[in-house]
Structure formats: C-alpha cells, structure tokens
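I am opening my notebook to write down, entry by entry, what I look up in this structure. I will keep each entry short and stay with what can be read from the model.

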Amino acid sequence: MHVEFQTESEADMVYRVGEYHGFLQKQYKLEIRHFVVYLGKGKTRMTTTLPDAFQFKGYQLIQLSQIPLEEFIESEIPEEIVLAILSKFPKTKLLAVIRLILQRLKKVCKNQIELEKFLHQLTILSQIRKFDQQTKKIINEMPITLDLTKNAFFKDALKDAVNQGLKQGLEQGLEQGIAQERLEAQKKYEEFVHTSIKNMLHLGFAPEGIAGILNLEPGKVLEICAQLKEEDSVE
C-alpha cells in the first residue's frame, strides 16, 4: 500500500503516482494499491484515473535475432539495412552477410558522408553480436568509397572541361569538394560521439563501458566527459 499526503491540488498527480507505481512494483514485485490523502481546503479536482490507452499493461516484444535477414537487406532505407547485422542468418554465412550489407549501403547512400555515417553505425551494432572484428576487416578490404568519376553528370562535366582546356581546374575542384565532405563528415562524427556519450552517461554507463561500446580510447571518453560536465555547470 502506497499512501501520499498532498496539501495542494496538483493537475499531474495521477502521472506522479504512476511513476511511483513503476518504481515500487520493480522493487517489490507485488500488487500495489495507491491512496492520496488530500489535506488542502475545499474539494480537489485532481484526476484519479488514467484513460485505458494511457495505462501500462505490457509491451510488444520485437526480437531482431528472429527476423529473417531479407526483411532488412531488401530495404531501401539505410537505417534498416544496418540492422541486418542483428537479424536471423546462419553464422557460417557471416562474412557474406557483412559484404552484402556493405554493398546495399553503398547502393542506397546518397553521398560519401552518409555512407561513412552508416558504416560507423554498422561497426557499433556489430559489437552487440561480437562481429566487430570481422566487420572492420571487411570494411577495410572492400572498395566502399563512392566513385564520383562513374557518375554520369561528372563524366559530362569532365568531357566539357577537357574540351575547354579546364580539366586540371575541375580535378582540383573535385579534390577540394571531397576534402570539404570529409571535414563535414568528421564534424558530424564528433557530434555523434558527444551525443552518444552524453546519453549513455544519463543512462548510468561508466566511462570504461562507453569506451568499449563506441570503440574509443578510455582517455578520449574521459576528456569528453569532462567537457560535458563543464557544459552542464555553465548551463
């Protein structure tokens, strides 16, 4: 039995009791009855019951390890394709599956920045199944960089540039564009790492555990943790 004494009429009281219910049930594994004793003046209008749709009665379990590989690999959405590494497939076919995932990502990603982002996500997800070493090895072996010279638009532009004697300038411009893309990709990666570490800290992960999950040096994680602590203190 949980008894709460309340001196003021609180509009969100029913949600607060709902929070208590979750904490208490997790701790005691028992049926719980809640009582709120209102000590204020007059008659309170506090809501005492949640609508049926708001009440927790269970959850739907989705087991990625039981979903066939094809459900993910045939998708045109990169966020779904990377989940294929966690799907159901014969472990004897692991290397072939990793190569297939890389081929699909290379096909559906719109640019090099996007491709590199999802390759990083794939590496992190593969750690859950302890496939990260195989995944990194195949990523390093395969030519996964997008070849802009095979793009029809680029071919036409290059042909025109050659005709006008501007081939060298176009190639230099392309190199600068690729360099800029890599700088932007690095910036996005650093933002991703900072956000991931911040979220994991809020969830109670230790810096050492975060370093293992994100495949970072412990010293780097501790450095970012210190930066986040400074930011919080400033806020």
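**Entry 1: residues with positive phi**

I began with K130, which is exposed, with a relative accessible area of 68%. I kept in mind from the start that this is a predicted model. K130 lies in the loop between α5 and α6, and I noted that its phi is positive, about 60°, although K130 is not a glycine.

I then looked up K29, another residue that is not glycine and has a positive phi, in this case near 55°. I found K29 in the loop between α1 (13-28) and β2, and with a relative accessible area of 63% I wrote K29 down as exposed.

**Entry 2: helix α5**

From K130 I stepped back to the helix that K130 follows, α5. I wanted to know whether the length of helix α5 (residues 112-128) fits its number of residues, and I found that its 17 residues, at 1.5 Å a residue, should span 24 Å, while the end C-alpha atoms are 25 Å apart, which agrees.

At the start of α5 I saw that a side-chain oxygen of N111 comes within 3.2 Å of the backbone nitrogen of I113.

How many of the 17 residues of α5 are buried? I noted 12 of them, so α5 is largely enclosed by the rest of the structure. The buried residues of α5 include nonpolar ones such as I113, L115, F118 and L119, but I also found Q112, H120, T123, S126 and Q127 among them.

**Entry 3: the largest nonpolar core**

Before looking inside, I reminded myself that in soluble globular proteins nonpolar side chains tend to be buried together. The largest nonpolar core in this model has 26 residues, and those that touch the most other members are I85, I101, L102, L105 and L122. I asked next which helices each supply at least two residues of this core. They are α2, α4, α5 and α6, and α4 gives the most, with 7 residues. I noticed that L122, which I had already listed as buried in α5, is one of the core residues with the most contacts to other members.

**Entry 4: salt bridges**

For this entry I recalled that side chains of opposite charge can pair when their charged atoms come close. I counted 4 salt bridges in the structure, and I looked at several of them in turn.

In one salt bridge, R104 pairs with E76, and the closest N and O atoms are 3.3 Å apart. This pair links distant parts of the chain, since R104 sits in helix α4 (residues 94-108) and E76 in the loop between α2 (69-73) and α3 (78-81), 28 residues apart. Are the partners buried or exposed? I found that R104 is buried, with a relative accessible area of 12%, whereas E76 counts as exposed at 56% relative accessibility.

In another salt bridge, the side chains of E141 and K137 meet at 2.5 Å, N to O. E141 and K137 are 4 residues apart in helix α6 (residues 132-141), so about one helical turn separates them. I wrote E141 down as partly exposed, with a relative accessible area of 46%. Elsewhere, salt bridges that share partners join E4, E10 and R16 into one network.

**Entry 5: around E10**

I stayed with E10 from that network, where the side chains of R16 and E10 meet in a salt bridge of 2.8 Å, N to O. E10 is partly exposed, with a relative accessible area of 25%. I also found a polar contact of 3.2 Å that joins the side chains of E10 and Q6. Q6 belongs to strand β1, and I noted Q6 as buried because its relative accessible area is 9%, which is under the 20% cut-off.

**Entry 6: a nonpolar patch on the surface**

My last search was on the surface, where I asked which residues make the nonpolar patch of about 600 Å². They are M1, V3, F5, F35, V37 and L39, and the elements that give two or more residues to the patch are β1 (2-6) and β2 (34-38). I picked F35 for a closer look: F35 is placed in strand β2 and is partly exposed, with a relative accessible area of 35%.

Definitions and conventions. Residues numbered from 1 in each chain as written. Predicted model: local features only at pLDDT ≥ 70, side-chain atom pairs only at ≥ 80, totals over all residues. Heavy atoms only, no water. Patch = residues over 30% accessible without salt bridge, like charges linked within 9 Å, V, L, I, M, F, W, Y side chains within 5 Å. Areas by Shrake-Rupley, 256 points an atom, 1.4 Å probe, with all protein chains shown as cover. Buried < 20%, exposed > 50% of the residue type's maximum accessible area, 1.4 Å probe, protein only. Expected span 1.5 Å × (residues − 1). Polar contact = N/O pair within 3.5 Å; in protein donor to acceptor, adjacent residues only side chain to side chain. Core = buried A, V, L, I, M, F, W, Y, C linked by side-chain atoms within 4.5 Å.
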